[in-house]
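Trainee: Could you take me through a close look at one part of this structure, and then set beside it whatever else you think belongs in the picture?

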Amino acid sequence: MFVTVLAVCLGLAIFRASIQSWLLAVVVLVFWVASESRISPGALQISYLVLGTIIAILGVPQLRRRLVSRPMLGLFRRLLPPISATEQEALEAGTVWWEGDLFNGLPDWDKLLAIPKPSLSAAELSFLDHEVTQLCAMLDDWDITGQRHDLPPEVWQFLKERGFFGIIIPKEYGGLQFSAQAHSAIVAKVASRSWSAAVTVMVPNSLGPAELLLHYGTDEQKQRYLRRLAVGAEVPCFALTGPFAGSDAGAIPDLGVVCRGDFGARKNVLGIRLNWEKRYITLAPVATLLGLAFKLHDPERLLGGEVELGITLALIPTDTPGVEIGRRHDPLGAAFLNGPTVGRDVFIPLEQIIGGVEQVGRGWRMLMECLAAGRAISLPSSATGGMQLAARTSGAYARVRKQFKLPIGKFEGIEEPLARIAGHTYLVDSARRLTASAVDLGEKPAVVSAIVKYHATERARMVINDAMDVHGGKGICLGPNNYLGRSYQQMPIAITVEGANILTRSLMIFGQGVVRSHPYVLKEMSATRLEDPERALMYFDLALFGHISFVLSNMARSFLFGLTDGWVVPVPRQRETFRYFQRLTRYASAFALMSDAVMLAFGGGLKRHETISGRMGDVLSQLYLASAALKRFEDDGRPADDQPLLDWALGDALYRIQQALDGVLANLPGYLRWPLRVLVFPYGLHLRPPSDRLVHQLAQRLMQPGAMRDRLTAGMYLPAGEVEAVGALEAALESTLRCEAVLQRVEAAAREGRLTAHQEPEQIREAQEKGVISADERALLERDYALRRRVIMVDDFATLD
C-alpha cells in the first residue's frame, strides 16, 4: 500500500514540480520507512517531530517567509550582480516561446505539433512565382559582383516598383503586408541567386525605419514615411554600429543634446543637436532616410526630466544640413551598398524621434524587440538560400563529375560532406520555417532568434566549405560559371553582422536565455528589485520555492529518464519519431538541471565563463533545431524519402547535446561534477554520430533527382534552360542518368578491345559505326558529353583587372 502511494506521490512531484508534492512524498516515505523498520518509539517520535517541524516551516507560507525566504531574499540582493540599463532592457525585450518549454525540462510536444503548418496566401505564392522569379532571372551575380559592384539600374527600379522594399508594410500604406513566412521565402529564393541582391531586399524589411515605425511610430510619422518607403521613394538605412561601439552597443559615443535651434524656416524650435560617426551601414551610400541610435542628454532639463535620458532613436533625412555619407566599404567583394555616415552639428526637431517624445530613452528596448524579429528572418533565410544552392549543385556535380571512371559521389570521402550538406540544410531550413511561424503568431523570440541567426550562418559556412571541397577546382576559379565562389567569399559577413557569432554563442543564447526563459530566475530577480518589502517577500517566496521544487523534479527526472534512456517519457506516439521525442525530453530535463547547476557554481560570474555558457547554449540550440526538424517532418506528412534526412539531423543533434553536456560537467567544481554525472549520464556516454550506412544512404539520394532532393531545395531559384551554369548542371544530371546504361556499353566495348579510339567523343562515334550503339543513342551521348564538359569547365580571362 505504502509503495503504491509513494509511487503516486513521487510521480506527482516529478511531473508537477510543486513543493507540496515533494512534502507529501517525503511524508509518505518517512511513514513507509517507519512501518518497515524496527525504530524505537522514542526515535520514531523524534523523527515525526523533526518532520512535522519541517512541514510546518515549508508548508505554512507565513512561517516559511519569515524563517527561510526573508534571509534568502537578503542574500540574493547581496549576491545579485549589477545589471546595466542596456542589459536589463535586453533581458526584458521580446517574448519567451518554445525555448521556455525547453528550459522547463518537460517540453509539451503536442503544443509544438499544434502550431499551424507554414503556408502562404495566394497573393504571396503569386509574388514568389512571378515577381521573385522575374527578379532572379534579371540577376547576373558575376556582373553584379565582378563588374558593376552594384545592382543594375533596371534591377533597382524593379525592386522599387514591384514592392520589394515594402514586404512588411501594411497595404493601407501601399505595402505588400506579407507574412513573416512569405518574407522569409522571398529572401531565401533571392539569396539562392545573388546574396548581394538578397541583402538589398532584406535590409529595408528588417531592423530599420519601416519596422520601427510600424511598432513605435506616431500616426503622423507613419503617414509621412511608410508610403514612400513602400514604393522606394525613400531608401532607408539604420545606423547603430560605430568605430567604438560594436557588440557593446551600450557604449555608443554618438550624442544628442536637447536644445533650441532653427530648422529650415522654423525659428527657435525645441529639438536635438546631434553628432555621430557610424560605419558598416548597409544602404547608407544611397539612403535618403537615416535611422539613428544615439544617447540623448538634456543638460538644461528642457524636457523636464533627467539629464541623461538614454539611448534614443530618430529619423533623419540624409539631405539635412550636417549629414555626411561617406565612401563605400567593400565587404569581401559583395556588391550590396555599405558605408559610413557622419553627422556634424545636425539639428532636428523633437518630432523626428521615432515614436515622439514619449519614446525618449527607450531606444535600446525598441531595437532589441525589433532585432529579435529581424534576426529571426533575414539571416536564417539568406543562409538557407545559399545552403539550398550548395546542396542541389553539390549533389548533381558529385554525380556528373567522374574520377577513376566513377562518379566522385560514389567515393566514401565525398559521401561524408554530401551527407553533412544535406543534413545541415534540412536542419536550418526547418528552423527557418518554425521561427517565421513564431513571428507570424505574434512572438518576438529574442532567444530563438539568436539561436537561428548563429546556427544558420555557422552551418551555412560548414555547408559552403563542404561544397567547395566537393567541387574542387570548379569552386575556386571565379567567373560567370562559378555559382559557389562568391558565397564562400562572403559568408563571414553573415557570421559578423547583427551580433557577431562568437558573442552570440558565448554570451547571448544561454547567458540571456537562462534569465529570460528559465521559469523562475527572472521572477526571483524581479522580486529583489521591488520596493514594497511585503510584496517583494511574497513574490520572492513563491519564486524561490517554485525554483527549489523545480530543481528537485529535474534531478529525479534526469536520473529516471537517464536510467531508461527516455523510454518512460509520455510523448506523441508517431512510429517514426517517438523515440526522438523521448530522447529530446530526456536531454531537456538534463539541460534544465544543468542550468541551475552552473548558476549555482558560478553565480553572477557566469557571464565571464563564456566557454561554459557557450556549451550550455549549444545544448539549448540543438534542442531547438531538433524540435524544428521534428515539426517539419510531421508537417510534411512524415515522408519515407525524408527519413534519412531526419535521422541524420536528429542523430547529429543528440550527439552534439551529449558532448556539450559532457564538456560542461568536466569543468564544474567536483562537488557538483560527480553527482550530476550520475544523474545525467548514469550509464556513461553512449550516443554516436550518424553511421556510415546513413551517410551513404543520404549522399546517394542527394545525387538523384527525386522527391527528397526537391523538398530539400524547395523554394530556391532554378534557371530555365541550359545556358546558365546551374541550369546546365541540372540538365547534365538528367542526361548522365539517362545515358548511363548506353555509356556502359561503350566503355565495355572499349575494354574488350572492340574500340580503338581513346577520347570519349571519338569512342562514341566509333561505337555507332561498329553497331555498339544506335544513331539516336550516339546523339544522346554526344549531347551528354557536351553538357558534362560544359559543367566541368571553368572561366578564363585575357587579363584580370
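Mentor: In this predicted model, once the neighbours within four places in sequence are left aside, Thr425 is in contact with Met387, Gln388, Ala391, Val463 and Leu712. Thr425 itself belongs to helix H16, which covers residues 412-440. With a relative accessible area of 1%, Thr425 counts as buried, because that value falls under the 20% cut-off.

The same cut-off can be applied to two cysteines. Cys739 has a relative accessible area of 2% and is therefore buried, whereas Cys477, at 30%, is partly exposed, because its value lies between 20% and 50%. As for bonds between cysteines, the structure holds zero disulfides, a disulfide being a covalent bond that joins the sulfur atoms of two cysteines.

Another part to examine is a pair of helices, and two packed helices are described by the angle between their axes and the distance between those axes. Here the axes of helix H13 (residues 209-216) and helix H14 (residues 219-230) come within 10 Å and cross at roughly 145°, and the crossing in which H13 passes H14 is left-handed. On the side of H13, the contact is made by Pro209, Ala210, Leu213 and Leu214, while H14 brings Gln221, Lys222, Tyr225, Leu226 and Leu229 to it. Sorted by character, the residues of this contact between H13 and H14 comprise seven nonpolar, one polar and one charged.

Conventions
Residues are numbered from 1 along each chain as its sequence is written. This is a predicted model: local features need pLDDT of at least 70, side-chain atom pairs count only at pLDDT 80 or more; totals for chains, interfaces and linings use all residues. Side-chain values use heavy atoms; hydrogens and water are left out. Axes are lines fitted to C-alpha atoms, for helices over the stretch in contact, and angles run from 0 to 180 degrees between N-to-C directions. Helices (H or I, at least four residues) and strands (E, at least two) are DSSP runs, numbered from the N terminus. A crossing is left-handed if the near helix is turned anticlockwise from the far one by less than a right angle, and right-handed if clockwise. Contact means heavy atoms within 4.5 Å. Ala, Val, Leu, Ile, Met, Phe, Trp, Tyr, Cys and Pro count as nonpolar, Asp, Glu, Lys and Arg as charged, and the others, Gly among them, as polar. A disulfide is a pair of cysteine sulfur atoms within 2.5 Å. Buried means under 20% relative accessible area, exposed over 50%, partly exposed in between (1.4 Å probe, protein chains only).
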